[in-house]
Amino acid sequence: MKPTFTAEVVTDEQAFAALAPAWGRLYQRCATATPFQSHAWLHSWWLSYGRPGRLRLLLVRNGAELVAAAPLTAVRRPLPALVPLGGAISDYGDVLVDDEHGERAVAALTEGLAAAARTALIDFREVRPGGAVEQVYELWHGPRRRVNDSVCLELPAVPMDELVARLPSAKAQRVRAKLRKLTALGVQRQVVRPEEVDPALRRLLELHQLQWQGRKVTGEHLLPRFCEHLVRSVAPMVRSGDAVVTEFRLDDDVVAVDLTLLSRRLAGGYLYGAHPQLRERKADVAVMLLDACAEHTRGGGRAALSLLRGNEPYKHHWRPEPVVNQRLLLARRRTAPLLSAALCDVAARRRGKELLLRLEQRKERAGDGRS
């Protein structure tokens with residue numbers, strides 16, 4: 001007898017909480033899943049950021065077993081749309097599909113999303129190339145568009161000495177000298193146990209605020225709701241192997257804390273905090289963190305060490321490969337105008353960024369002319 005696939009939309013918050021065991025099994029059976037699709041991360045995000053009445057979990061079951069899920073929330077601005085849970089603090093958005101059920105699970109999920117798209121645009125932001133939702137995109141029969149989203153920079157998931165060997169000779173020598181400097185200073189690192197994650201993350205956020213004091217910082221990282229989300233979500237992720245928290249000590253004081261997220265295919269440095277005294281003592285924080293992150297990838301079978309979103313110049317010192325996330329827009333004929341409006345917004349924002357870049361370049365050239 002062929003398996004019977006059924007789809008439903010869950011809008012109840014308590015039902016979302018109760019899905020944890022089934023969600024966890026599905027997460028383990030989806031090779032493309034990232035920690036941002038784990039139940040611990042998404043449910044915690046909902047508790048901190050969700051809007052009452054907006055939860056939309058599209059679930060596909062084979063009998064009683066969960067075989068696909070699209071974790072969504074309804075938004076009304078700037079357009080009526082269904083968007084992934086996780087919001088701006090999540091580097092990757094995606095659905096979950098059981099690898100063993102493949103095409104039939106994807107087909108049922110696509111059908112369920114098509115029903116939802118009768119009244120709203122389906123807008124998947126920050127999809128990593130190869131994400132499970134790309135299968136939905138390929139099956140979609142209505143209007144659809146794929147546009148570029150954020151850039152993530154990625155390194156191979158290899159030990160630190162191999163990362164250093166990829167650099168030009170002179171730069172590699174400088175990095176090795178910085179590693180020796182860290183040893184000479186006596187910087188020690190220790191992986192935090194699950195029961196100690198709460199105070200370690202609070203210390204991370206304290207150090208993060210201290211290191212950015214007087215400079216431009218992501219304001220969300222300083223808010224209580226972000227702290228609550230991080231503390232609530234990461235401890236179970238550490239227990240399940242989806243995250244690791246590392247403390248760095250100098251003279252018995254915790255001077256830095258790093259949070260790295262782990263999945264079957266990649267490891268990603270998500271957030272850190274470092275005391276300014278590290279730089280005052282000539283310790284290279286970027287080298288210290290990458291050394292620890294590379295160690296977490298050892299023996300895990302992962303292909304990539306992701307520096308996650310952001311095209312900051314310091315990341316390019318390591319010669320990473322740019323990997324462009326995708327934005328997948330799905331509509332039905334009646335919601336096609338919403339798709340057109342979203343594309344106009346994307347084009348306008350792109351033109352605005354290009355204009356700002358040209359203005360900055362002109363200012364730089366004018367400054368050079370005066371010197």
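Q: Where is the place of Pro78 in the chain?
A: Pro78 belongs to the loop between strand E3 (65–75) and strand E4 (81–84). Those names come from DSSP runs numbered from the N terminus: helices are H or I runs of at least four residues, and strands are E runs of at least two. Before going on, note that this is a predicted model: local features need pLDDT of at least 70 and side-chain atom pairs count only at pLDDT 80 or more, while totals for chains, interfaces and linings use all residues. Residues are numbered from 1 along each chain as its sequence is written, and side-chain values use heavy atoms, leaving out hydrogens and water.

Q: What kind of peptide bond joins Arg77 and Pro78, and what is its omega?
A: The bond is cis, with omega at about 0°. Most peptide bonds are trans.

Q: What makes phi of Glu126 worth a mention?
A: Glu126 is a residue other than glycine, yet its phi is positive, near 55°. Most residues other than glycine have a negative phi. Glu126 is part of strand E6 (residues 121–127).

Q: Why is Glu126 called buried?
A: The relative accessible area of Glu126 is 7%. Buried means under 20%, exposed means over 50%, and partly exposed is in between (1.4 Å probe, protein chains only), so a value of 7% falls in the buried class.

Q: Why does Asp252 count as exposed?
A: Asp252 has 69% relative accessibility, so it passes the cut-off for exposed. You can find Asp252 in the loop between strand E9 (243–250) and strand E10 (253–262). Asp252 also has a positive phi, about 70°, although it is not a glycine.

Q: Why is Ala336 placed in the class of partly exposed residues?
A: With 21% relative accessibility, Ala336 is above the buried limit but below the exposed one, so it is partly exposed. Ala336 is in helix H12 (residues 336–370). Leaving aside neighbours within four places in sequence, Ala336 is in contact (heavy atoms within 4.5 Å) with Pro143 and Ala331.

Q: What tells us that Ala68 is buried?
A: Ala68 has 0% relative accessibility, so it meets the rule for buried. Ala68 is in strand E3. Residues up to four places away in sequence aside, it touches several partners, including Leu26, Val60, Ala105 and Leu109. Ala68 and Ala105 are 37 residues apart along the chain, and their C-alpha atoms are separated by 6.1 Å.

Q: How many aromatic pairs are counted by the ring rule?
A: The count is six. Rings of Phe, Tyr and Trp (its six-membered ring) pair if their centres lie within 6.5 Å; planes under 30 degrees apart are stacked, over 60 edge-to-face, and the rest tilted.

Q: Why is the pair of Phe36 and Trp41 called edge-to-face?
A: The centres of Phe36 and Trp41 are 5.2 Å apart, so they pair, and the 85° between their planes makes the pair edge-to-face. Phe36 is buried at 2% relative accessible area, and Trp41 is buried at 0%.

Q: Why is the pair of Phe36 and Tyr270 called tilted?
A: The pair is 5.9 Å centre to centre with 55° between the planes, so it is neither stacked nor edge-to-face. Phe36 lies in the loop between helix H2 (20–28) and helix H3 (39–49) and Tyr270 in strand E11 (residues 266–274), so the pair ties together parts 234 residues apart in sequence. Ring pairs link both of them with Trp41 and Tyr92 into a cluster.

Q: Why does Tyr92 count as buried?
A: Tyr92 has 3% relative accessibility, so it is under the buried limit. Its place is in the loop between E4 and strand E5 (96–97). Among the residues that Tyr92 touches, not counting those up to four places away in sequence, are Phe36, Glu126 and Leu308.

Q: Why is the chain as compact as a globular protein of its length?
A: First, the chain has twelve helices and 13 strands. Its radius of gyration is 22 Å, close to the 21 Å from the globule rule for 371 residues, so the chain is as compact as a globular protein of that length. The radius is taken over C-alpha atoms, and the rule is 2.2 Å times the number of residues to the power 0.38. Buried residues make up 50% of the 371 residues.
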